[in-house]
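Let us take a walk through this model together, starting with the overall make-up of a chain and ending with a few single residues. Please keep the structure open beside you as you read.

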Amino acid sequence: VALRPLGTPAARAKNPFRKGFVTVVRSRRLLGGFSRLAIVRRGVLVRLVAVGLAAAAVASAVAYFVPWLPTPASKQADRIDFVFWFVTGISIAIFALVVAVILYSVARFRAGPDDDSDGAPIHGNTTLEIAWTAVPAVLVTAVAVVSAVALAQNEHLPKNHLQVNVLAQQFAWSFSYPKYKGLTVSALHLPLDETVELKMHSKDVIHSFWVPQFGQKQDLVPGITTRVVITPKRLGTYPVVCTELCGEGHALMRSEAIVMKPTAFAAWVKAQERAAASASQGPSGAGPGLAVFNSNGCSGCHTFKPAGSSATTGPDLDNLPAYARRAGKPLALFVRESIVDPNAYIEKGYQPNIMPSTFKSLPKQQLDALVQFLTGGKK
Amino acid sequence: VTSATAAHEELHAGAAPPPHGWRRLLAPGWLRVPWMSALFFGIGLGITLLVRWAEGWHPIWDGQVITTVELTAVPFGFLAGIGGFDYWVRYAIGSPTRPEDHSGHGAYSWRDYFRINTDHKVIGVQYLVTTIFFFLAAGLTAMIMRAELARPGMQYVGNQVFNELFSVHAALMIFLFIIPAFAGLGNYVIPLMIGAPDMAFPRLNALSFWLLPVAGLIMLSSFIVPGFGCGWTGYAPLCSTHQELGAVFFNMGVQWAGASSIMTALNFLVTIITMRAPGMTFWRMPLLVWANFTTSLLVVIATPFIAGSQFMSMFDHIMHTNFFNYEAGGYVLGYQHIFWFYSHPAVYIMMLPGFGIASEVISTFARKPIFGYRLMALSLMAILVLGFSVWAHHMFVSGMAPWLRVPMMVTSVVIAVPTGIKVFSWLATLWEGKLNFSTPMLFALGFVSMFVIGGLSGIYLAAVPIDIHVSDTYFVVAHIHYVLFGGSLFTIFAGIYYWFPKMTGRMYDERLGKLHFWLTFIGFNATFFPMHYLGIQGMPRRVSDYAPRFADLNFFISIASFFLGASTLVFLYNMIVSWARGAPAPGNPWRAHTLEWQVSSPPPVFNFDEIPQVVGGPYEYGVPGARHAVFNGDRVVEEEEVKV
């Protein structure tokens, strides 16, 4: 390709620094009509496109064969996935273009070992510069529009929906259902195909609620209520992950989201209500203790059969008598001490400083009830 | 007598003789540092105790308060001891200031690099060596993190230590490496590029360098205190009220580093505006000068915001104010708004100088003018303006006002347009060039390709629905490293290799340079590309432990990161050995047109023996008879030729 600056050599020598050093192409076969744009010959263009297509093919293969996205389990995740692939399509095109030009240039325009000459003095091309300002502007506008639409759809909340209140604290989750007399549990149970609005609070620092398969994420901020909308569409058990650094136990702040058939969900609610009722009428007076256990999020970290919890962040409370023996203390005293001063005794295999020390501020009555519940009335 | 010693003696003729005996304790330098620091420690302690006693605050001896005050007092003692304030203090109290004998100019032995020095070239080298030290320290913390993450479960460090590792890693890399490394390169090169003898305020320049070791040591000491485990973002209320004293070390470290970068930025602005050589119009400035001009504007406008956010966080911690304490009516999200109003522009503070370096290197090694020079400069200004309108894209899931998300998404994707212009212009600059693949060029091309990946993943993050899914995951970790490692660090390497001959007067080893590039390029991609996948699949960031299903990929990433870490050793070896024993460098080894290459390597103490006259653009490669600048001597020669 022959590029030649405009003007006679004499004129250039006279004033070589004037702006807009326009170039034209002297080529036998110009790209039809666009002589200003045509700084590349057709043969060059064909090779460039070939390299670009190869790069696009590789990028597309990586995009297609690697299972990038978790299997969506909510309607919101479907829309997020759509936006993801929309942006990926655009990205592959741009990436391929850049790679093609770099690879082609590296191969084609490499200077020889003793070649001290300069390249073509091309200062710019207004048409080209306008094109690569306008085309990306259009593309990103499309991304913004698609995203805004998906966002609006994802946050649409139908009149008939289930509300769940989420409470986060260092380092546990608890979920309560106002519709079912404030039933409080440590794992999120949801009925299939029913839109749910999570209203979220935090007790201490900022946490963030995320279920990768639902695609939805929202911070829980102390002092304000945040919300997120989820419509589960696939049965299964998914991880609930805290994604905002919340302190020492951040990596352990996990729970589960369980999507159930509506009938199974109704049965689960009934069973939970029955368990709560029988507990409050039981001879050991577990009722108030269970309530304290649930409302303070104990079930978010500890397994304890009487409360029906199965979390494994902290020690299994069904083994409390064994721990007390190892600590060399009477059971009730040991349990009370472990609640108000969690670092006093650390069971082997667990770490200090994970359980918050905020429970020392529990009212005495509640603390008594909790100890009573955990020890089953034993000393 | 070598010529350097001769020049030294000539410059120092008439200066007061160096002090002897105990008077050496009074002279600025390392002998004055210990007792001045102790003195200021005592003053800080005294004032604190006096105020607490007078106000009746108990306990009068409060370790936290005293430590916080001393984090201000002792550095002042250090700076006073090393001589950072001598001239101003003498001037202010009416003592005769030392005559301008330029004794603080130029470096004649390695010891001069450890003194207060007003020569921008010495300061530039001081900056670079210091920042590389902190780069290695921060890299080491990353290695420990990757060792812990190689297998699920806990192996080497506890949760809190892990949190401190990644917090200090980011804080050092950002505040003590990338930002000041660019300031160091700019410090060395900018006055030379615009044809100035030095920066506008040499004493301020020296002071802003000496703030850096202070800031870095404070941040590193947060390990010892301990307690800075709340991330470099320092979100309230975790950092303001739920951390131990170490968090205050971060707050104060940021203040010192921030003060340093504001002072340097002001210096750059005044230098670039007022000290350009005759004929150096704004449209004839090299793009690195443009980039530093824009960056400096960003710094002076934005940095006070992070200073404010860190003060408020620290006051909540130490003085029990309630800026971010919701129980007393504080506004938790306020911290994030103020923080990101700095920290998003900070992304461009960490990127625009890299754009400048890439432009210099690509133009020189492609032997072609920069394609669309004016649009390149204008796109920098566009990024500057737009950069202030996108901060809340870091907060799409934060619980801020929901309506704010779509406008912030629009500005965030629009800022990709000027960035795209720059990438396409670099590509067009390659076209029809005569490409020389020296190490700086390899790093510049590596930068362009890696930065494109980082920019594209930025589009994913700007699109609100995708961001909601991947926010605070390893996808973000991958993105930030493609931008700050593939972007900033690659251009810092390109810049160091490019100007190494100018700075040291010696050539680096080209084979080792290329080896370093390829090891870095491969190690970088192997380390960070798989993180995209981890994040999308469900691995949150900032965790010491993770689900077992991510174990294999994390193991691979850890191995790759050790490989990447080892590649730095090649760089260090090359730099140290070449600096000591490399082949002498000619004045202009790259046949570049910009002014810094028109003087000897290293340049004379005052840069130009005669002020150049700028007559054209900086990148007129291939234009017959084109000159960027002429020197008086040249004109005489030309006139004589005409006469003949």
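The report below covers chain A and its sheets, then the nonpolar cores, then one helix and one residue of chain B.

**Chain A in outline**

Please keep in mind that this is a predicted model. Chain A contains nine helices and 14 strands. Of its 379 residues, 49% are buried. Contacts in chain A often link distant parts of the sequence: taking those between residues at least 6 apart, 62% join residues at least 24 apart.

**A first sheet**

In which order do the five strands of the open sheet that includes S5 and S10 of chain A lie? The order is S5-S4-S3-S7-S10, and the pairing is mixed. At the edges you will find strand S5 (183-185) and strand S10 (226-230) of chain A; each has a single partner strand, so one side of each is left without a neighbour in the sheet. Averaged over this sheet, and with direction ignored, neighbouring strands are turned by 25 degrees against each other.

Strand S7 (residues 196-202) of chain A is a good place to look at both senses of pairing. With strand S3 (residues 162-169) of chain A, S7(A) runs parallel, and seven bridges join the two. With S10(A), S7(A) pairs in the antiparallel sense over five bridges. Such pairing, parallel or antiparallel, goes through backbone hydrogen bonds.

Individual residues show how this works out. A:Glu197 is the bridge partner of A:Gln163, and A:Glu197 also stands opposite A:Val229 in S10(A). Further along, A:Lys199 stands opposite A:Arg227 in S10(A). S7(A) is mostly covered, with five of its seven residues buried.

**A second sheet**

Chain A has another open sheet of five strands, in the order S6-S12-S11-S8-S9, and here too the pairing is mixed. Strand S6 (188-191) and strand S9 (217-220) of chain A stand at its edges; each pairs with a single strand, so one side of each has no neighbour in the sheet. For this sheet, the average turn between neighbouring strands is 25 degrees, direction ignored.

Strand S11 (residues 236-242) and strand S12 (residues 254-260) of chain A run antiparallel and are joined by six bridges. Within that pair, A:Thr237 has A:Ile258 in S12(A) as its bridge partner.

The strand pairs described so far can be set side by side:

| Strand pair | Sense | Bridges |
|---|---|---|
| S3(A) and S7(A) | parallel | seven bridges |
| S7(A) and S10(A) | antiparallel | five bridges |
| S11(A) and S12(A) | antiparallel | six bridges |

**The nonpolar cores**

Which residues have the most contacts inside the largest nonpolar core? They are A:Phe209 and B:Phe175, in a core of 285 residues. Helix H6 (residues 159-193) of chain B gives the most to this core, contributing 23 residues.

Beyond its neighbours within four places in sequence, A:Phe209 is in contact with a long list of residues, including A:Trp173, A:Phe175, A:Leu198, A:Met200, A:Ile230 and A:Val241. Another core lies apart from the largest one; it has 21 residues, among them A:Cys298, A:Ala324, A:Phe334 and A:Ile339.

**A buried threonine**

A:Thr375 is found in helix H9 (residues 364-375) of chain A. Is A:Thr375 buried or exposed? A:Thr375 has a relative accessible area of 5%, so it counts as buried, the cut-off being under 20%. A polar atom of its side chain lies 3.3 Å from the backbone oxygen of A:Gln372. Leaving aside neighbours within four places in sequence, A:Thr375 is in contact with A:Leu331, A:Ala332 and A:Val335.

**Over to chain B**

Helix H9 (residues 246-274) of chain B has 29 residues, which at 1.5 Å a residue should span 42 Å; the end C-alpha atoms are 42 Å apart, in agreement with that expectation. Because 23 of the 29 residues of H9(B) are buried, the helix is largely enclosed by the rest of the structure.

Finally, B:Ser389 lies in the loop between helix H13 (373-387) and helix H14 (405-414) of chain B. With a relative accessible area of 22%, B:Ser389 is partly exposed. Its side chain reaches the backbone oxygen of B:Leu386 at 2.7 Å. Apart from neighbours within four places in sequence, B:Ser389 is in contact with B:Met408 and B:Thr411. The C-alpha atoms of B:Ser389 and B:Ile415 are separated by 9.5 Å, with the two residues 26 residues apart along the chain.

Notes: Residues numbered from 1 in each chain as written. Chains lettered and ligands numbered in written order. Predicted model: local features only at pLDDT ≥ 70, side-chain atom pairs only at ≥ 80, totals over all residues. Heavy atoms only, no water. Helix = DSSP H or I, 4+ residues; strand = E, 2+ residues; numbered from the N terminus. Expected span 1.5 Å × (residues − 1). Buried < 20%, exposed > 50% of the residue type's maximum accessible area, 1.4 Å probe, protein only. Pairing = 2+ DSSP bridges. Axes fitted to C-alpha atoms, helices over the stretch in contact; angles between N-to-C directions. Core = buried A, V, L, I, M, F, W, Y, C linked by side-chain atoms within 4.5 Å. Contact = heavy atoms within 4.5 Å. Polar contact = N/O pair within 3.5 Å; in protein donor to acceptor, adjacent residues only side chain to side chain.
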